[in-house]
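User: Could you walk me through how some of the strands fit together here? I'm new to this, so plain words please.
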Amino acid sequence: MTRLLAFAALCAVAAASSGCTAVRPWERDALARRDMAWDPDPLEAALHSHIYFSKEASLAGSGAGGGGCGCN
Amino acid sequence: MAKASRRFRRAARRRALRGLPRGRVLKALTSSTLALPGLASHADELGSLGIEADYKYARYSEDRIPSSKVTPGGERDRYTIDVNQVHLSGPITERFKLDLDVGYEVMSGATPWYVVPNPSGGQPLQVMTGATIDEKRTDGSLKGTMLFDRGSAALSGGVSVENDYLAFTGGLDGERYFNEKNTTLSGGLGFSIDRIEPTDAEAFGRNSEEDKQTVSGFLGLSQVLGRETIVQATLQYQFDNGFLSDPYKRALVEGVPVPDARPDMRHQISLLTRFRHHFETLRATLHADYRFYVDDWGINAHTFEVAWYQTLWESLRLIPSFRYYTQSAADFYAPYYEGPRGDNHYSSDYRLSPYGAISWRIKAETRFQIWSLDWIANVGYEQYMSGGNYAIRGVSVENPGLVGFDMLSAGLTLRF
Amino acid sequence: MTKLHPTHSRRARGVEVLALLCALALASTAFALSTGDRAPAVKGPRLDGKGELSLEAQRGKVVYLDFWASWCKPCAVSLPALDAFRKEFGEKDFAVLAVNVDQDPAKARTFLSLRPVGYPSLNDPKGLLPVQFGVETMPTSFLIDRHGVIRQVHRGFRKEDIPELRAAIQELIRNGR
């Protein structure tokens, strides 16, 4: 599992650094879906984050942006 | 020994009846980290046009502590919390939007106080505080985001209030798009200033108020890998300084309960990786997250989370999910101490003990239109279990205070 | 004979392939048509299946060429606005040529059934036209004068854009003979 994730991270870095344009602006149908968001339900994400943060040692924080429909 | 513990229990009950809040727990439960950057990212591209209003109610109930784990006659009912969250977001101008979050919680119950050896030689026992009644916490935060063609920048601030706790938070974060928005770089800085004024300060002979300051930062990269796939990696760092102990907890040192005493500084780092993939033919989306955490108190932790978003009949979505968590212990942690420590750090808090946790969740969501407005209603249930046996590495003595809970939640979203 | 290089793991080979593909992909840079360019030919089937649409058929009129999709949130605002322009300026002088780029045209038809407009859309699920025009974001529209020359490229859409667009269309109608 960690290997797969390491590879995925590597792909991300490789794609980003070489300017790979995988998806054009009009091809974002699936990416624009609400269930493709990092947090489709932000209140739930915040609630879970706080609950786990209160009983576990880890940091709260749900990460960065990106993805989505890319519309202006 | 029994007399001393009875006296402590009575004192705790007195404090409890006077409404002594398990402030730390509540504060931690719905922490003021709400306004720290990178958290509660309503960076939902879909909502960037209109106005959205969300409400969620959740009832969180901790399992009773098993009688085998608690001292005889000890309080067994643990925490129950009713949480209300409201979120409003809307555009102020074409390039500026505002997000408002308000939370209100009511909680009651007993919490772990300190751990004692088992007189019959088995696993250690938990001494619980007396039950508290209806403590309340209110928090609010505001975030303003400027939208540009190639990115965005946001400023946020928040406040959190309880009868014994006050916290102010602020943050600055931004995003920059590259490669036709296939790549997004984001980063942010945040701070938090907390003040705790524990009721009954004289009972543990400290200052009547204690402060804590936190600074944090994050750096994230997200990449579109295909029409249906995105990945993200976020590095987060946090530095805490000040009073980091729990004023309502004790640790047993050579048979005597002493105040919980943790270092006054802490460095924490976490790396979060997230993956999203949509299966068009199955009408489903997979979410998979992994987070690695490490700090300078000796704790390292791993979190794995998977969720499956299954769309049925256009307007219904069913979302089962599973989470696995494992952590190691803090260097200075022990259920109780046979002798003093050179660094004078003591804590028997289960949150610093080695353990693992498993939780499964099921959620159902439906969308509909009334008065030509878009509505989404959802309801969810979660069950969480923790124990030494769930940890990735064997745990010889698990903390008796490890908790399980279940939670029922219901929410409503309106978009117009 | 000893091997000079260690056998590559599958993972390392995968990264090599990815790097090569990315290098090749770099060759295809994004280009975009802009003001002063002649609009290329636009022709395709209607979304509702009732025939064909083309830019050529609107020669002599001011044309608002609009690339839209059902998943594009600002399009919920732009479509009614364009319909209002169509009613205001009349069929003789003005036309909206809408190009829908939904990969699944059924989703576009559902969108239109909830927010009907009086002008038809061209069905381009493979996204061939956006490539030709160099669409950089969604939605994007091209204001084309009576002689088929692009006079304005409009990226994104906000309610605040409407007065400025109306003025531009009016001017092109008045001065375009």
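**Strands and their partners**

Analyst: Sure, and keep in mind that this is a predicted model. Let's start in chain B: β17(B) and strand β18 (residues 355-370) of chain B run antiparallel, joined by twelve bridges.

User: Which residue of β18(B) is the bridge partner of R317(B)?

Analyst: R317(B) has its bridge partner in β18(B). Look there and you'll find E365(B).

User: How many bridges pair β16(B) with β17(B)?

Analyst: β16(B) covers residues 300-312 and β17(B) covers residues 316-327. One of the bridged pairs is A307(B) with S321(B). The two strands form a hairpin with three residues between them, and W313(B) in that turn has a positive phi of about 50°. Their pairing is antiparallel, and the bridge count is ten.

User: Over in chain C, which strands stand at the edges of the open sheet, and why is one side of each left without a neighbour?

Analyst: The sheet has five strands with mixed pairing, in the order β5-β4-β3-β6-β7 (chain C). Each edge strand has a single partner strand, so one side of it has no neighbour in the sheet. Those strands are β5 (121-123) and β7 (150-155) of chain C.

User: What is the average turn between neighbouring strands of this sheet?

Analyst: Here we ignore direction and compare neighbouring strands. On average, they are turned against each other by 20°.

User: Which residue in β7(C) stands opposite I144(C)?

Analyst: Strand β6 (residues 140-144) of chain C runs antiparallel to β7(C), with five bridges joining them. Opposite I144(C) stands I150(C).

Terms used. Residues numbered from 1 in each chain as written. Chains lettered and ligands numbered in written order. Predicted model: local features only at pLDDT ≥ 70, side-chain atom pairs only at ≥ 80, totals over all residues. Pairing = 2+ DSSP bridges. Helix = DSSP H or I, 4+ residues; strand = E, 2+ residues; numbered from the N terminus. Axes fitted to C-alpha atoms, helices over the stretch in contact; angles between N-to-C directions.
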